[in-house]
Amino acid sequence: MIREYVVVGTGVPTVRLICIYNIYVCRGGSPCPHVKRRVTMKKQGKLSNLKFFSKYYKPYIGIVILDLLCACLTTVCELVLPMIVRYITNAAETGVTLLVVTVLKMGALYLFLRIVDTAANYYMANAGHVMGARIETDMRRDMFDHLMKLSFGYFDNTKVGQIMSRISNDLFDITEFAHHCPEELFICTIKIVGSFIILCGVNVPLTLILFALLPLMLFSVIFFRKGMKDAFKKQREQIGELNSQVEDTLLGVRVVKSFANEEKEKVRFAQGNSKFFERKKISYKYMARFQACTRFFDGVMYVAIITIGALFMIKGHINAADLVAYLLYIQTLITSIRKLVEFTEQFQRGITGIERFTEIMNETPEITDLPSATDIGDVSGDIKFENVTFSYSDNDKNVLSQINIDVKKGDNIAIVGPSGSGKTTLCNLLPRFYELTSGDITIDGKSIKDITLKSLRGSIGVVQQDVYLFSGSVRDNITYGCPNATMEQIEQAAKSAGAHEFIMSLPDGYDSYVGERGLKLSGGQKQRISIARLFLKNPPILILDEATSALDNESELIVQKSLERLANGRTTFTIAHRLTTIRNATKIIVLTEDGIAETGSHLELMEKGAEYAKLYSLYTSL
Ligand code: ADP
Ligand code: MG
C-alpha cells in the first residue's frame, strides 16, 4: 500500500512523504528525517504474502495431499471418456465387429471410474472445504491475537469498520481460495498436460495447432486480470468504508436522533452506498470483459479445430474417430480453461484478502516488552518523570516537552490546566499506552521500559470520564480484571465503590444485564461500577482522569466519596475539573501548553498568586 502525505510541522520545512508499507520516505526516495517514529517494515511483495499465507497449510498438509490425489482421480476419469468414444467410433468406422463382452467390460470400467470419481468429489467438497474453514479460523484467531497486541496509536488511526470487514468478509474469501487454489491449479495442469500427451499420440500436427491457440487465450486472461484485480481491491476498501460509516452512525444513534439528523445520515449513507455500487459496477465491467474474451476464444478454438480437422480428413491425415476424440478433448480443455478463469476471479479475491490480512499482520506493535523486561514486583509507588517529551505520531508538534515530576509513595498529585494542555496524554504515558519520544519514567527507580507491560498495567488503575462497560452482567463487568473473585469480594468492592445499593435495586441484582456499553445504567452508576472494578484489581497506582466531570452534582458527590476511598493509601494522579476537590492534594501541577507552569500545594500556589491562583479564583467566581 502506497500512501502519500504532506507533513507540515513547526520548525521543519513542509515535506511530501510517501508511505510505502509504513516506511516513510521523502519524495525522491531518501528516508525522511522529520518522521520520528518510523515503523520499520519491509515492503511486502505478492510472493512474500503468499509465503506468509502458505504457513497456514502446514498443519493440514495430509488433507491437502489427499485432496490433490482425489483431484487427480477425477481428472483421470474425465480424460478416459473420449478415449472410449474414440475406440467405439473407430470400430464402427473400420467395420471391426465389437464384441458384446468388450462393450460390457468398457461399460464396467467406466462405471467403476465414475464411482471413484463420485467418492473423490465427495471428499474434495467435504474435507477440502472443512480444511479451508479451519485455515480461516486459524487466520482469524491470529488476526485477533495480533490486534490485541497493537498499541493505542494504531487504533487512533484505523477505522474499526475496516478491521471488521477484514476479519469477516476478507477471511471468507481466503477460505475459498485456500481450498480451491491448490486443487484447481492441479486439476487444470494435469488436464492440460494429460490431453496434450494423449492428443499427441493421436495426431501431432493438429495437437500442435490446438495448443498454439492456448497461449493467445492465456495472454488475454493475464491482460484483463490486472484491471479486475484493482477493481476488486477498491470494492473491498469501499465495503470497509461503508461498514465504518454504519458503525459510526449506529453507535451515535442517540446523537443522530437528538439532532433529528436522520435525513442527513441517510444522505451520507446513500453516498457511501452508491459509491460501493459504482465500485461493484466497475468490477463487473472488468469481469464481463474477461468472460466475454474467454468465450470468444472458446469459439475460435472450435472453429479452428473443426475447419483444420476437416481439411486434414479430406487429405486423409486423420480419421473420423480421431476427430471426434479431438472435439471431445476440446470440451475438456475449454472447461479446464473456463475453470481456470473462474478460479482467477476467486484467486483475485483471495489474493486481495491475503494482502489485506498481511497488511494488519505486518503492523508491528509499537509498544512491546524488551527481552530484558522483568515483572514490576512489589510496588511501593515512587514515580519520577525525567525530561519527558512526547508527540503523537501523526503530528510533529510536542504535546509535552521536558516534563519533570517527582512523586513519592502515597502522594496525591493533582494535575490542572486548560483543556488540550496534555494532562490526559501525560497520564497515558505512565501505563505505556503511548511510547515516550524522549526522557524516562521510573517507578520505584525502575524505568517503565524495563517492566513487562502486563505487570506494569496490572499495577495501575485508570478511571476515566467515559466509562466503557462490556455488554454482559454487572458482575461480569466488576470482575473484568479479576475473573476469579468470590461473590463476597465482589460485594465488598461494590460496597466500597458505593455501588452495592443501586445494584441490589436492579431487577436481577448483580446478574442484571447492563446493555451495550452499559447504556441501561446512568453515568454515575457506570462510574461506580468502574470504581468497584478497581477496588477488586487493587492497584498501588491510580490515575483519575476527570472521573466525575460528566456527572450531575448528586452523583458527583457519591462518586467523589468512592474515589477518595479508592485513592486512600495509593499513589494517585488526579486530573480534576473542579479545583475545590483537589485542595488537599500533596502537590498540584499546573500544566499549560508551554509545559509545567508551577507546582506546589494549594496554599503555596495561592500565596504565589500566579497561574493556579488565577484559575482558582476564576473557578470559584463561577
Ligand atoms: P487534556 O487532557 O489536557 O485536555 P490531551 O492530553 O487530551 O489534553 O491532549 C493534548 C493534545 O494532544 C491536544 O492538542 C490533542 O489534540 C492531542 N491529542 C490527544 N490525543 C491524541 C491522539 N490520540 N492522537 C493525536 N493527537 C492527540
Ligand atoms: Mg483530558
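**Exercise 1.** How many residues surround ligand 1, and which are the closest?

*Solution.* In this predicted model, the shell around ligand 1 consists of 13 residues, and the closest are D156, G420, K423, T424 and T425. Sorting the shell by residue class then gives four nonpolar, six polar and three charged residues. Turning to secondary structure, the element that gives the most to this shell is helix α10, which spans residues 423-429 and supplies three residues.

**Exercise 2.** Which residue places an N or O atom of its side chain 2.7 Å from an oxygen atom of ligand 1, and which backbone N or O atoms lie 2.9 Å and 3.2 Å from an oxygen atom of the ligand?

*Solution.* The side-chain atom belongs to T424, at 2.7 Å from a ligand oxygen. On the backbone side, an N or O atom of K423 lies 2.9 Å from an oxygen atom of ligand 1, while for S421 the corresponding distance is 3.2 Å. Each of these pairs is a polar contact, because the cut-off for N or O atoms is 3.5 Å. As for coverage, the protein hides 64% of the 560 Å² of accessible area that ligand 1 has on its own.

**Exercise 3.** Locate L98 and decide whether this residue is buried, partly exposed or exposed.

*Solution.* L98 sits in the loop between α2 (61-94) and α3 (100-149). Its relative accessibility is 33%, and therefore L98 counts as partly exposed, since that class lies between the limits of 20% and 50%. Together with Y87, I88 and V103, L98 forms a nonpolar surface patch with about 320 Å² of accessible area in total.

Note on methods:
Residues are numbered from 1 along each chain as its sequence is written. Chains are lettered from A and ligands numbered from 1 in the order in which they are written. This is a predicted model: local features need pLDDT of at least 70, side-chain atom pairs count only at pLDDT 80 or more; totals for chains, interfaces and linings use all residues. Side-chain values use heavy atoms; hydrogens and water are left out. A residue is near a molecule or strand if one of its heavy atoms lies within 4 Å of it. A polar contact is a pair of N or O atoms within 3.5 Å; within protein, one must be able to donate a hydrogen and the other to accept it, and residues adjacent in sequence count only if both atoms are side-chain atoms. Accessible areas come from the Shrake-Rupley method with a 1.4 Å probe; for residues, only the protein chains shown count as cover. Helices (H or I, at least four residues) and strands (E, at least two) are DSSP runs, numbered from the N terminus. Ala, Val, Leu, Ile, Met, Phe, Trp, Tyr, Cys and Pro count as nonpolar, Asp, Glu, Lys and Arg as charged, and the others, Gly among them, as polar. Patches are made of residues with over 30% relative accessible area and no salt bridge: like charges are joined within 9 Å, nonpolar side chains (Val, Leu, Ile, Met, Phe, Trp, Tyr) within 5 Å. A salt bridge is a side-chain nitrogen of Lys or Arg within 4 Å of a carboxyl oxygen of Asp or Glu. Buried means under 20% relative accessible area, exposed over 50%, partly exposed in between (1.4 Å probe, protein chains only).
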